[in-house]
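Student: I would like to learn how to read a protein model one feature at a time. Could we take each idea in general terms and then look at the case in front of us?

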Amino acid sequence: MVRGVVPRQPAKSGRQDRVRTAAAGTRRAVEGTRVRSKITKAPAVASPAKKSVSGSARYNPLSPERVAEILKRLNQLYPDVTCALHHNNAWELVVATILSAQCTDVRVNMVTPGLFQKYPTVQHFAALKPEELEPDIRSTGFFRNKAKSIVGAAKKVVEEFGGQVPDEMDKLLSLPGVARKTANVVLGSWFGKNEGVVVDTHVHRISRRLELTKNDDPRTIEQDLMKVIPRDRWTLFSHQIIWHGRKTCIARKPKCAECSLENLCHAGDKTWSTVEMHKAAH
Ligand code: SF4
């Protein structure tokens with residue numbers, strides 16, 4: 001006899017169906033167990049795959065493989081991006097970058113054509129008083145401070161650097177109103193030198209969302225990025241992230257459903273997700 005097969009019992013009461021019912025019940029119970037075991041087993045098969053992209057102990061947001069994949073996708077998305085601030089020489093880029101603080105690049109690009117027509121060289125700017133420059137840059141915000149910085153930087157470039165914007169970090173940082181962000185923009189975009197990573201509002205936000213940094217201070221974020229992004233990608237990475245921030249990963253409502261980085265991103269403020277979200281990543 002095959003094990004587990006219960007022979008049909010002769011009916012004592014003539015109600016054979018009780019036996020059938022019991023057997024059917026047993027069968028159903030066994031099948032039910034099998035079905036249940038299938039249901040309970042399914043996630044066990046699926047979970048390792050999910051864990052590999054989410055919050056398992058092995059997940060490392062800074063792993064070279066993950067960073068390389070992010071860079072690869074950024075290359076596919078934005079192969080030829082450059083600095084969004086219009087400029088024709090290093091000095092114009094210094095001015096445009098100073099003006100871009102707390103202001104959109106679009107607004108700066110509306111202001112600079114007229115400005116550079118009115119004051120075509122660094123010597124023209126150096127000859128101004130800040131108050132004379134203020135009306136021309138008023139619409140970019142914080143115009144008093146920006147006017148002081150631009151005129152002060154122009155004077156220093158003319159008086160100490162022979163009218164040439166220096167191509168070294170230390171010298172650039174000595175110009176009034178020029179901090180690391182402006183210096184990195186000028187060195188990377190005009191002089192082709194990867195001396196650092198530009199950390200503007202987009203790079204700040206998206207680096208945190210992608211868990212490439214946990215920090216909040218631009219200088220520390222830059223150091224974190226310089227550790228994980230290959231040096232030859234520093235300038236391009238900044239441009240690509242800035243474009244991504246403008247087009248897709250916008251501050252308030254990132255367009256996660258149409259983002260090519262979606263399944264690599266665990267940001268806590270995603271608007272749509274196929275992977276586990278990490279609260280702290282935003
Ligand atoms: S998935 Fe969303 S939050 Fe993450 S990078 Fe893309 S747009 Fe930004």
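Student: How much of the contact map joins residues 24 or more positions apart?

Tutor: This is a predicted model, and in its chain residues 24 or more positions apart account for 55% of the contacts with a separation of 6 or more. One such pair in space is Leu93 and Trp190, which are 97 residues apart in sequence, while their C-alpha atoms are 7.9 Å apart.

Student: What secondary structure does the chain have, and how many helices and strands are there?

Tutor: The chain comes to twelve helices and zero strands, and read from the N terminus on, its elements run α-α-α-α-α-α-α-α-α-α-α-α.

Student: How do I read burial, and what share of the residues in the chain is buried?

Tutor: The general idea is to count neighbours: a residue is called buried if 20 or more other C-beta atoms lie within 10 Å of its own, and exposed if 12 or fewer do. In this chain of 282 residues, buried residues make up 30%.

Student: Where is the largest nonpolar core, in terms of the residues with the most contacts inside it?

Tutor: That core has 54 residues, and Val94, Ile150, Val186 and Val197 are those with the most contacts inside it. Its largest share, eight residues, comes from helix α3, which covers residues 90-99. Setting aside residues up to four places away in sequence, Val94 touches Ala153, Val165, Val178, Thr182 and Val186.

Student: How many residues of α3 are buried, and which elements do they pack against?

Tutor: Ten of the ten residues of α3 are buried, and the helix is mostly covered. Among these buried residues are Trp91, Glu92 and Thr97, and the buried residues of α3 pack against α4, α5 (122-126), α6, α7 (143-160) and α9 (180-190).

Student: Is Leu93 buried or exposed?

Tutor: Leu93, which has its place in helix α3, counts as buried because it has 22 C-beta neighbours inside 10 Å. Apart from residues up to four places away in sequence, Leu93 touches Leu85, His87, Val185, Val186, Ser189 and Trp190.

Student: How do I judge the length of a helix, and what does α4 reach from its first C-alpha to its last?

Tutor: One compares the reach of the helix with the span expected at 1.5 Å a residue. Helix α4 (residues 105-118) has 14 residues and reaches 20 Å, close to the 20 Å expected.

Student: Where does α4 bend, and which of its residues are buried?

Tutor: The helix α4 bends by about 30 degrees at Thr112, and the proline Pro113 follows within four residues. For the buried positions, a general idea helps: an α-helix has 3.6 residues a turn, so residues three or four places apart point the same way. In α4 the buried residues are Val108, Thr112, Leu115 and Phe116, and they pack against α3 and α6 (130-137).

Student: Which residue in the loop between α3 and α4 should I look at for its phi angle?

Tutor: Look at Gln102, which lies in that loop and has a positive phi of about 55 degrees although it is not a glycine. Gln102 counts as exposed because it has 11 C-beta neighbours inside 10 Å.

Student: Is Glu211 buried or exposed?

Tutor: Glu211 is buried, because 20 other C-beta atoms lie within 10 Å. Its place is in the loop between α10 (201-209) and α11 (218-228), and Glu211 has a positive phi of about 60 degrees although it is not a glycine.

Student: What does Leu210 contact, leaving aside its neighbours within four places in sequence?

Tutor: Leu210, in the loop between α10 and α11, is in contact with Ile70 and Cys265. Leu210 counts as buried because it has 21 C-beta neighbours inside 10 Å.

Student: Which residues are around the ligand, and what are their classes?

Tutor: The residues around the ligand include Arg209, Cys249, Cys256, Cys259, Glu262 and Cys265. By class, the shell has seven nonpolar, one polar and four charged residues.

Key: Residues are numbered from 1 along each chain as its sequence is written. This is a predicted model: local features need pLDDT of at least 70, side-chain atom pairs count only at pLDDT 80 or more; totals for chains, interfaces and linings use all residues. A residue is near a molecule or strand if its C-beta atom, placed from the backbone, lies within 6 Å of it. Ala, Val, Leu, Ile, Met, Phe, Trp, Tyr, Cys and Pro count as nonpolar, Asp, Glu, Lys and Arg as charged, and the others, Gly among them, as polar. Helices (H or I, at least four residues) and strands (E, at least two) are DSSP runs, numbered from the N terminus. Two residues are in contact if their C-beta atoms, placed from the backbone, lie within 7 Å. A nonpolar core is a set of buried Ala, Val, Leu, Ile, Met, Phe, Trp, Tyr and Cys residues joined through C-beta atoms within 7 Å. The expected span of a helix is 1.5 Å times one less than its number of residues. The bend at a residue is the angle between axes fitted to the seven residues ending there and the seven starting there.
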